[in-house]
There are 2 protein chains.
Amino acid sequence: MTNDPSTCSNAVLRQAMRRIGQLYDEALAPSGLRATQHGLLATVRKMGSPTMRELAERTVMDLSGLSHTLKPLTRDGYLELVPDPRDGRVRRITLTEKGEIKLGETAKLWRGAQDRFEAVFGKERAVALRSELRFLTSPEFQDAFNDTGAETRTVTR
Amino acid sequence: MTNDPSTCSNAVLRQAMRRIGQLYDEALAPSGLRATQHGLLATVRKMGSPTMRELAERTVMDLSGLSHTLKPLTRDGYLELVPDPRDGRVRRITLTEKGEIKLGETAKLWRGAQDRFEAVFGKERAVALRSELRFLTSPEFQDAFNDTGAETRTVTR
DNA sequence: CTTACATAGGTGCATATGCAAGTTATTGGA
DNA sequence: TCCAATAACTTGCATATGCACCTATGTAAG
């Protein structure tokens, strides 16, 4: 079968994401945060006070998707959207004190999952895998993908 | 920063999934199917008439999640849930004729995305990546992950 | 200034998924 | 035969996300 779904890069990626997501979610469960939420808070902390767009780009998310996803986090007081005084259109995302405290709580939990991941999968191997995955999210890859065989497709974007 | 979110295996996996999902979705758009839906239909065809549980395991999905995800596909007539005469609890998922026709339609589209993926990423490299991702979904990995450092955590499952 | 356009976000709608609970059908004993 | 433990689903609720569309704001031309 040339169209064997078991060779579909997208399907395999999704399956791995489901499993790993489950494992990280389970590890973070005691904190009440999902792995995705923890990732967002940690990324905001690292970036300072990014705008919606900046955070969306960094996380490879759709701007509107991010808008939805942030709702539970702002509702629970971990993040706040502050209007930028320079540009009335911009909202800067800031980590609240409650958010920082929560991140302090999750540090050990996340670290535990991360360490177990590397212990089981292998440190070097994990680094290599993340490197490959990061390449997939690079604009070079996206552009090359969209250009390849473009003649036979309708040009988008 | 030891807790740099850019090194989170889960986060990086999710980001890659979003991007690749977007690319495959775009490629399949003319058919009206999402990449996930196409994957499900193709998997059902390959498996014959799997039960919910069998399909859930194969796709690394939660049984209830699968139940939800199948709704649009049964609603649109691509799949049908047939009660198993042997066991009243079981529902066998069958691809309808409409589903087969649709899969015929998507064959070229999916193939195009898959080929472009391998052309850009590299055939060998793609095979290797999928192999690594498949390992992450294996029960061996899951068990090892859950056992590692289990002493310090509440035993689950 | 005023208009045309580009930017940053927000909303509605729809799919994708997982967990906790509830329902129904099986099955392994006592 | 009847019950307790299981197994296979379904449903309600909540988060995760993307697309199309709408609004407000900023900006470059005229």
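**Close-up 1. Arginines of chain A meet the sugar or linking oxygens of DNA strand D.** In this predicted model, Arg89(A) places a polar side-chain atom 3.4 Å from a sugar or linking oxygen of DNA strand D. Arg34(A) does something along those lines: one of its polar side-chain atoms sits 3.5 Å from a sugar or linking oxygen of the strand. Chain B joins in through its backbone, with a polar backbone atom of Met52(B) lying 3.5 Å from a phosphate oxygen of DNA strand D.

**Close-up 2. Helices from both chains line the surface near DNA strand D.** Which elements give two or more residues to this surface? From chain A they are α2 (35-47) and α4 (63-75), and from chain B they are α1 (9-28), α3 (52-58) and α4 (63-75). The top contributor is α4(A), which gives six residues.

**Close-up 3. Here are the residues around DNA strand D.** Count them up and you get 28 residues surrounding the strand. The closest are Thr36(A) and Ser64(A) from one chain, plus Arg14(B), His68(B) and Arg91(B) from the other. Sorted by class, the surface has six nonpolar, eleven polar and eleven charged residues. Now look at the DNA side: of the strand's atoms within 4 Å of the protein, 69% belong to sugar or phosphate, and the rest belong to bases.

**Close-up 4. Chain A and chain B share an interface.** How many residues of each chain are in contact here? On chain B there are 62, and they touch 62 residues of chain A. About 6,700 Å² is buried between the two chains, with carbon and sulfur atoms giving 63% of that area. Keep an eye on Arg19(B), Arg116(B) and Phe145(B): together they supply 11% of the area that chain B buries against chain A, more than any other three residues.

**Close-up 5. Salt bridges and polar contacts cross between the chains.** Four salt bridges turn up across the interface of chain B and chain A. One pair to find is Asp4(A) and Lys46(B), which form a salt bridge whose closest N and O atoms are 2.9 Å apart. The tally of residue pairs in polar contact between the two chains is 20. On the side of chain B that touches chain A, at least two residues each come from α1, α2 (35-47), α5 (97-121), α6 (123-137) and α7 (139-147) of chain B. The most come from α1(B), with 16 residues. By class, that side of chain B has 27 nonpolar, 20 polar and 15 charged residues.

Methods:
Residues are numbered from 1 along each chain as its sequence is written. Chains are lettered from A and ligands numbered from 1 in the order in which they are written. This is a predicted model: local features need pLDDT of at least 70, side-chain atom pairs count only at pLDDT 80 or more; totals for chains, interfaces and linings use all residues. Side-chain values use heavy atoms; hydrogens and water are left out. A residue is near a molecule or strand if one of its heavy atoms lies within 4 Å of it. A polar contact is a pair of N or O atoms within 3.5 Å; within protein, one must be able to donate a hydrogen and the other to accept it, and residues adjacent in sequence count only if both atoms are side-chain atoms. Helices (H or I, at least four residues) and strands (E, at least two) are DSSP runs, numbered from the N terminus. Ala, Val, Leu, Ile, Met, Phe, Trp, Tyr, Cys and Pro count as nonpolar, Asp, Glu, Lys and Arg as charged, and the others, Gly among them, as polar. Contact means heavy atoms within 4.5 Å. Buried area is the accessible area (1.4 Å probe) that two parts lose on being put together, summed over both. A salt bridge is a side-chain nitrogen of Lys or Arg within 4 Å of a carboxyl oxygen of Asp or Glu.
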